[in-house]
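Here are some notes to read with the model open beside you. Take the points one by one and find each residue as you go.

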Amino acid sequence: MVVADLPGLLEGAHRGYGLGHEFLRHSERCSVLVHVVDGSGEQPEYEYEAVRLELELFSPALVDKPYIVVYNKMDLPEASDRWNSFREKLQAQGFEPYCTSALNRQGTQDVVYAAYKILQKERQRVKEVEEWNNTQNLNHVADAIKRERSSAMNDFEIVHDKGTNTWNVVGAGIERFVQMTNWDYTESLKRFQHVLEACGVNKTLVKLGVKEGDTVVIGEMEMFWNEEPKRVTARTMISRDDDAVRWPKFS
């Protein structure tokens with residue numbers, strides 16, 4: 001098993017900040033990702049989500065890679081205190097993180113074993129796919145899904161319905177992100193706002209002339225445009241299949 005040690009990413013790495021492109025290009029060569037979270041940070045959950053977002057914005061294919069999450073620095077009291085909260089939030093998303101202390105080598109062997117196990121599964125999967133492709137590829141549906149999953153979130157178009165003052169944001173990447181967002185968490189709402197800023201949706205809406213109170217539709221979600229601070233607000237979000245859901249405003 002060959003391991004590439006990649007430095008921590010800065011917010012905005014997908015645009016090249018902090019040599020982000022160089023680091024992210026290296027990660028594309030990896031079969032499995034081990035996401036190490038600094039448990040001594042004030043908001044380890046946010047830092048984890050921020051890096052996942054940078055991967056998504058740089059290349060959707062990176063997000064599809066198998067990965068494990070490692071919560072490090074358990075030797076520090078502040079990291080130990082935040083561990084249960086971090087684990088519970090990831091468990092709610094369907095992940096079981098590992099906790100380690102690299103300084104004391106606590107839990108590091110478990111991480112190595114887990115990474116190796118996932119790597120072997122990934123190699124077997126790739127081998128089976130290659131063998132299947134070498135025979136005859138008739139699975140057009142699978143090909144279509146693969147193309148959709150590789151669509152970047154900044155690849156979108158906006159259609160304006162003047163009669164209803166509705167702006168429809170259409171793009172496989174950004175719509176997939178809406179589907180994958182857990183709207184029960186305030187952190188998820190903040191992350192979604194950051195995504196709209198980072199991938200250019202808000203900027204494009206302003207350029208096209210969106211007005212206060214206009215409806216913005218992305219996938220199955222409807223939102224209201226708020227002129228202060230000029231973005232789609234989480235004040236009210238409506239599922240197109242469910243009843244209205246009211247959330248508190250946040251800056």
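1. Let's start with a small puzzle: does N165 count as buried, partly exposed or exposed? Keep in mind that this is a predicted model. The relative accessibility of N165 is 40%, so N165 counts as partly exposed. You'll find N165 in the loop between β4 (157-161) and β5 (166-170). Check its backbone too: the phi of N165 is near 50°, a positive value in a residue that isn't glycine.

2. Why bother with the sign of phi? Most residues other than glycine have a negative phi. K73 is another residue to look at here, with a positive phi of about 70° although it is not a glycine. K73 sits in the loop between β2 (67-72) and α4 (77-92). Its relative accessibility is 31%, so K73 is partly exposed.

3. Stay with K73 for a moment, since K73 is one of the residues in contact with S40. Leaving aside neighbours within four places in sequence, S40 also touches L76, E78, A79 and R82. S40 itself belongs to the loop between β1 (33-38) and α2. With a relative accessible area of 24%, S40 counts as partly exposed. Now try D81: S40 and D81 are 41 residues apart in sequence, and their C-alpha atoms are 9.5 Å apart in space.

4. Next, a charged residue that is tucked away. R52 is in helix α2 (residues 44-58). R52 is buried, yet has no salt bridge. How far away is the nearest side chain of opposite charge? That side chain is E49, at 6.7 Å, whereas a salt bridge would need the charged atoms within 4 Å. Not counting residues up to four places away in sequence, R52 touches H35, V63, Y67 and R191.

5. Helix α9 (residues 201-208) is a nice one to view down its axis. Which of its residues are buried? They are V201, N202 and L205. These buried residues cover an arc of only 95° around the axis, which puts them on the same side of α9. An α-helix has 3.6 residues a turn, so residues three or four places apart point the same way. Turn to the face of α9 that looks away from its buried side, and you meet the exposed residues K203 and K207. Just after α9 comes G209, with a positive phi of about 105°.

6. Now for the surface. M1, V3, V112 and Y116 form a nonpolar patch there. Together they have about 390 Å² of accessible area. Y116 comes from helix α5 (residues 108-135). Its relative accessibility is 41%, so Y116 counts as partly exposed.

7. Finally, zoom out to the whole chain. There are nine helices and nine strands. Of the 251 residues, 38% count as buried. The accessible surface comes to about 15,100 Å², and 49% of that belongs to carbon and sulfur atoms. What about contacts between residues at least 6 apart in sequence: what share joins residues at least 24 apart? For this chain, the share is 54%.

How values were computed:
Residues are numbered from 1 along each chain as its sequence is written. This is a predicted model: local features need pLDDT of at least 70, side-chain atom pairs count only at pLDDT 80 or more; totals for chains, interfaces and linings use all residues. Side-chain values use heavy atoms; hydrogens and water are left out. Patches are made of residues with over 30% relative accessible area and no salt bridge: like charges are joined within 9 Å, nonpolar side chains (Val, Leu, Ile, Met, Phe, Trp, Tyr) within 5 Å. Accessible areas come from the Shrake-Rupley method with a 1.4 Å probe; for residues, only the protein chains shown count as cover. Helices (H or I, at least four residues) and strands (E, at least two) are DSSP runs, numbered from the N terminus. Buried means under 20% relative accessible area, exposed over 50%, partly exposed in between (1.4 Å probe, protein chains only). Lys and Arg count as positive and Asp and Glu as negative; His and the chain ends are not counted. Contact means heavy atoms within 4.5 Å. The arc is that of the directions from the helix axis to the C-beta atoms.
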